[in-house]
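The exercises that follow are meant to be worked through with the sequence and the coordinates side by side. Try each task before reading the solution beneath it.

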Amino acid sequence: MKRIHVAVGVVLNNQNQVLLAKRPSHLHQGGKWEFPGGKVESGETSSQALIRELREEVNLIVIATSPLMTISHDYPDKEVFLDIHTVNGFSGLAEGLEGQQVLWANVDKLREYDFPEANTPIIDKLQSL
Ligand SMILES: Nc1nc2c([nH]c(=O)n2[C@@H]2O[C@H](COP(=O)(O)OP(=O)(O)OP(=O)(O)O)[C@@H](O)[C@H]2O)c(=O)[nH]1
Ligand SMILES: [Mg+2]
């Protein structure tokens, strides 16, 4: 199986909240909460993909990022490589441009949300910072 390269954004605001979006139920890992992002297209760097996806999915203009971590995870039906960046500078008001629910969640409450299995180390890391 070909591993899918995914750019993922952990968007943090100044109240120590992180932006979550709900994956549409018909998609892979549908119905779960995710950090906005998507597949890196050919000819694109992961940071270009991150900037494009956040604009397309949640209407945010990314201004500043820093690398957080990478995760390789094998789902039964899909292999992903998540390239995760913290977004600590952005402009705009977050909204679900694809009709998805979005919300700002307190970092210390992240355990209350259902995430794709691959995301567990991200939650661990955010709560240890
Ligand atoms: N965006 C995002 N994808 C994640 C996360 N965790 C995780 O396992 N994934 C997986 O990474 C893959 C990325 O996909 P995506 O569906 O967002 O890709 P995309 O926006 O380019 O969608 P598209 O294929 O409809 O254009 C999916 O298989 C998804 O299940 C996460 O926190 N955020
Ligand atoms: Mg996406």
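A residue is called buried when its relative accessible area is under 20%, exposed when that area is over 50%, and partly exposed in between. The model is a predicted one, and by this definition buried residues make up 44% of the 129 residues in the chain.

**Exercise 1. The overall fold**

Task: Determine how many helices and strands the chain has, and in what pattern they follow along the sequence.

Solution. Step one is to count the elements, which gives 2 helices and 7 strands. Step two is to read them along the sequence, where the pattern is β-β-β-β-α-β-β-β-α. Step three turns to overall dimensions: the radius of gyration of the chain is 14 Å, close to the 14 Å that the globule rule gives for 129 residues, so the chain is as compact as a globular protein of that length. Along the principal axes, the C-alpha atoms fill a box of roughly 40 × 35 × 30 Å. Step four considers contacts: among those with a separation of 6 or more, 66% are accounted for by residues 24 or more positions apart.

**Exercise 2. Surface and charge**

Task: State what area the chain exposes and what share of it carbon and sulfur atoms supply, and then find how far apart the mean positions of the positive and negative charges are.

Solution. The chain exposes about 6,900 Å², of which carbon and sulfur atoms supply 48%. For the charges, take the 12 positive and the 17 negative ones as two groups; their mean positions are 1 Å apart.

**Exercise 3. The salt bridges of Arg52**

Task: Identify the salt-bridge partners of Arg52 among Glu41 and Glu44, and say whether Arg52 is buried or exposed.

Solution. The background to this task is that side chains of opposite charge can pair when their charged atoms come close. The cut-off for a salt bridge is 4 Å between a side-chain nitrogen of Lys or Arg and a carboxyl oxygen of Asp or Glu, and by this rule the count comes to 8 salt bridges. Begin with Glu41, whose closest N and O atoms in the pair with Arg52 are 3.8 Å apart, within a salt bridge. Glu41 lies in the loop between strand 4 (37–39) and helix 1 (46–58), while Arg52 lies in helix 1, so the pair ties together parts that are 11 residues apart in sequence. Next comes Glu44, which also forms a salt bridge with Arg52, with the closest N and O atoms 2.6 Å apart. As for exposure, Arg52 counts as buried at 18% relative accessibility, and Glu44 is buried as well, whereas Glu41 is partly exposed at 45%.

**Exercise 4. A pair involving helix 2**

Task: Find which residue forms a salt bridge with Arg111, and describe where the two partners are placed in the chain.

Solution. The partner is Asp124, with the closest N and O atoms 2.9 Å apart. Asp124 belongs to helix 2 (residues 120–128) and Arg111 to the loop between strand 7 (102–106) and helix 2, so that distant parts of the chain, 13 residues apart, are linked. Asp124 is partly exposed at 37% relative accessibility, and Arg111 is exposed at 53%. A separate group of salt bridges shares partners and joins Glu41, Glu44, Arg52, Glu53 and Glu56 into one network. Returning to Arg111, its contacts beyond four places in sequence are Ile123, Asp124 and Gln127.

**Exercise 5. Two strand residues and their surroundings**

Task: Establish which residues Lys39 touches and which residues Glu79 touches, leaving out sequence neighbours up to four places away.

Solution. Lys39 lies in strand 4 and is partly exposed, with a relative accessible area of 49%. Its contacts are Ile4, His5, Val6, Glu44, Ala49, Arg52 and Glu53. Glu79 is found in strand 6 (residues 79–91) and counts as buried at 18% relative accessibility. The residues touched by Glu79 are Met1, Lys2, Arg3, Ile4, His73 and Asp74.

**Exercise 6. Positive phi angles**

Task: Locate Gln29 and Asn59 in the chain, and give the phi value of Gln29 and of Asn59.

Solution. Gln29 is in the loop between strand 2 (17–22) and strand 3 (33–34), and its phi is near 60 degrees, a positive value in a residue other than glycine. Asn59 is in the loop between helix 1 and strand 5 (61–74), and phi of Asn59 is likewise positive, near 60 degrees. Asn59 counts as partly exposed at 23% relative accessibility.

Definitions and conventions: Residues are numbered from 1 along each chain as its sequence is written. Chains are lettered from A and ligands numbered from 1 in the order in which they are written. This is a predicted model: local features need pLDDT of at least 70, side-chain atom pairs count only at pLDDT 80 or more; totals for chains, interfaces and linings use all residues. Side-chain values use heavy atoms; hydrogens and water are left out. Helices (H or I, at least four residues) and strands (E, at least two) are DSSP runs, numbered from the N terminus. Buried means under 20% relative accessible area, exposed over 50%, partly exposed in between (1.4 Å probe, protein chains only). The radius of gyration is taken over C-alpha atoms; the globule rule is 2.2 Å times the number of residues to the power 0.38. Contact means heavy atoms within 4.5 Å. Accessible areas come from the Shrake-Rupley method with a 1.4 Å probe; for residues, only the protein chains shown count as cover. Lys and Arg count as positive and Asp and Glu as negative; His and the chain ends are not counted. The place of a charge is taken as NZ of Lys, CZ of Arg, CG of Asp or CD of Glu.
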